[in-house]
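Hi everyone, thanks for making time this morning. I'd like to walk you through one protein model, so please have a look at it with me.

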Amino acid sequence: MTEAGAPVVRFDEVTLRFGAEVIYDRLSFDVKAGEFLCILGPSGCGKSTSLRLMGDLLAIQGGQVEIEGRTPAEAWDRLAYVFQSPRLVPWRTALGNVMLGMDLRFDGMAKEEKSFRAGQLLDLVGLAADTAKFPAMLSGGERQRVAIARALSVEPDIILMDEPFSALDLNTRRRMRHEIIRIWRDTGKTIVFVTHDIDEALVLADRILLLSNKPTAVLDVIKIDEARPRDVDKTSSLHEQRERLVTLFRRLESEAAVNEEGIHDAT
C-alpha cells in the first residue's frame, strides 16, 4: 500500500474524445493515498468517465493515467467499484453477494475463509444481523451497504464510488454519508467519490475537484479542513463555499445552454 499522502492516482494532461466531441483537453489532477476526494461538476462534464479511465474501461487518446505508478491495465486489482445501483445478485443472500466479489477475484480461497471475511465486512457496514437476507428483503440503503462490503472484500487500495447515494431518499442519503465516513476512517482506504450534489461534496471530502463543462478542465481544487461530522447550514465556511459553488454552477449551466444553442444553430 502507498504511504499516506503520496499520490496514488495521477492524470497527466489526459485527452479523451468520443468521435468528434472533445471530452478532456489535457486534464490533470491527482488523488492522495488515504484521502476522500470528491469529483464535482455539472451534468455531462465527464465525472464518471474519469472513474472508467482509472479502471481501464476506456482508452485515452493522449496524456497519461497512473494508478500507484502503474497503468490502469496493470493496477486493476487495486481498485473496486460502488455504483449508483447496488447491482446485487437477487438469488444470493447479503453474505453470498459479498462472497461473490471474492469468488470473482481470488482463485483458491477456501469457501470458509470467504464466508468468515464476508461476515466481518457485513458487521463493519452495520448488517451483522442481516447476512441471510436476500436483496429484496433489504432497504435501498442496506443494499448499498452490501455493495460497499462487497467492494471492500476484494482488498482494494482505492474505492471508486459513482454517485452511490443519488437514488436514495434524502434521510437515507444523509445516514449513508455518515456511514461511509465511518467506514473510510475504519479501513484507511482511498475513496474517489463522484457526485453532482454540492452539499454531499462539502460534507464528505478532504478535497473537492471541481470540473468545468466540456472540454473538461479542473476549475478549482477546494481543500476542506472542517472537522467531521459537518453541517453545511451551521458552519459559516461551508455555507460560504456552498453559495460560491451554487453561483458557479449556475454560470456553467448558462454557458452550456448557450454552447448547445450555438451547435443547433450551426447545424
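**A helix on the inside**

Let's begin with helix α1, where Lys47, Ser48, Thr49, Ser50, Leu51, Leu53 and Met54 are buried. Please keep in mind as I talk that this is a predicted model.

How is α1 placed relative to the rest of the structure? The helix runs over residues 47–54, and seven of its eight residues are buried, so the rest of the structure largely encloses it. Notice that the buried set includes Lys47 as well as Leu51 and Leu53. If you follow the chain just past α1, you reach aspartate 56, which has a positive phi of about 65 degrees.

Now let's step back to the whole protein. There are seven helices and nine strands, and 49% of the 267 residues count as buried. Along the principal axes, the C-alpha atoms fill a box of roughly 60 × 45 × 40 Å. What radius of gyration would a compact globule of 267 residues have? The expected value is near 18 Å, and the protein has 19 Å, so the two agree.

The contacts are worth a look too. Among those with a separation of 6 or more, 70% are between residues 24 or more positions apart.

Last, the outside and the charges. About 13,000 Å² is exposed, with carbon and sulfur atoms supplying 50% of that area. On the charge side, we have 35 positive and 42 negative side chains, and the centres of these two sets are 4 Å apart.

That's my tour, and I'm happy to go back to any part of it.

Note on methods
Residues are numbered from 1 along each chain as its sequence is written. This is a predicted model: local features need pLDDT of at least 70, side-chain atom pairs count only at pLDDT 80 or more; totals for chains, interfaces and linings use all residues. Side-chain values use heavy atoms; hydrogens and water are left out. Helices (H or I, at least four residues) and strands (E, at least two) are DSSP runs, numbered from the N terminus. The radius of gyration is taken over C-alpha atoms; the globule rule is 2.2 Å times the number of residues to the power 0.38. Buried means under 20% relative accessible area, exposed over 50%, partly exposed in between (1.4 Å probe, protein chains only). Contact means heavy atoms within 4.5 Å. Accessible areas come from the Shrake-Rupley method with a 1.4 Å probe; for residues, only the protein chains shown count as cover. Lys and Arg count as positive and Asp and Glu as negative; His and the chain ends are not counted. The place of a charge is taken as NZ of Lys, CZ of Arg, CG of Asp or CD of Glu.
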